[in-house]
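New to this one? Here is a quick briefing to read with the model open beside you.

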Amino acid sequence: MASQSQGIQQLLQAEKRAAEKVADARKRKARRLKQATRRQVQGMQSSQQRNRERVLAQLLGMVCDVRPQVHPNYRIAA
């Protein structure tokens with residue numbers, strides 16, 4: 001009977017250790033996922049900033065590069 005009780009105790013301890021390992025693995029996975037998400041968000045933000053600067057430069061170039069021309073349908077009134 002004592003060996004049975006001892007065997008049950010060992011099983012309970014093994015189960016407890018396994019549960020702790022699973023919990024630690026879940027924590028590590030959550031941490032890695034959070035880091036990957038953070039890196040991805042930072043990458044998107046830097047990409048957005050580069051694109052924004054490029055678009056602003058293009059818009060400013062268009063606005064500042066005005067070439068006055070007479071419209072083809074313009075008729076000089078005499």
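Let's start with a bit of vocabulary: a residue counts as buried when its relative accessible area is under 20%, as exposed when it is over 50%, and as partly exposed in between. Keep in mind that you're looking at a predicted model. With that in hand, here's a tour of one salt bridge, a nonpolar patch on the surface and a positive one, plus a couple of distances.

**The salt bridge**
- Search the whole structure and you'll find one salt bridge.
- The partners are Asp65 and Arg67, and their closest N and O atoms sit 3.4 Å apart.
- That 3.4 Å gap fits the cut-off, because a salt bridge asks for a Lys or Arg side-chain nitrogen within 4 Å of a carboxyl oxygen of Asp or Glu.
- How exposed is Asp65? Its relative accessible area is 45%, so Asp65 is partly exposed.
- Arg67 has a relative accessible area of 62%, so this partner counts as exposed.

**The nonpolar patch**
- Val55, Leu56, Leu59 and Met62 together make a nonpolar patch of about 370 Å² on the surface.
- If you want to find Val55, look in helix 1, which covers residues 2-64.
- Val55 has 38% relative accessibility, so it falls in the partly exposed class.
- That 38% also lets Val55 into a patch, because patch residues need over 30% relative accessible area.

**The positive patch**
- Which residues form the positive surface patch? They are Arg26, Lys27, Arg28, Lys29, Arg31 and Arg32.
- Arg26, one of these, belongs to helix 1.
- With a relative accessibility of 62%, Arg26 is classed as exposed.

**Two distances from Arg39**
- Val22 is another residue of helix 1, and at 41% relative accessibility it is partly exposed.
- Count along the sequence and Val22 is 17 residues from Arg39; in space, the two C-alpha atoms are 26 Å apart.
- Ala77 sits in the segment after helix 1, and its 74% relative accessibility makes it exposed.
- From Ala77 to Arg39 there are 38 residues in sequence and 66 Å in space, again C-alpha to C-alpha.

Notes: Residues numbered from 1 in each chain as written. Predicted model: local features only at pLDDT ≥ 70, side-chain atom pairs only at ≥ 80, totals over all residues. Heavy atoms only, no water. Buried < 20%, exposed > 50% of the residue type's maximum accessible area, 1.4 Å probe, protein only. Patch = residues over 30% accessible without salt bridge, like charges linked within 9 Å, V, L, I, M, F, W, Y side chains within 5 Å. Areas by Shrake-Rupley, 256 points an atom, 1.4 Å probe, with all protein chains shown as cover. Helix = DSSP H or I, 4+ residues; strand = E, 2+ residues; numbered from the N terminus. Lys, Arg positive; Asp, Glu negative; His and termini not counted. Charge placed at Lys NZ, Arg CZ, Asp CG, Glu CD.
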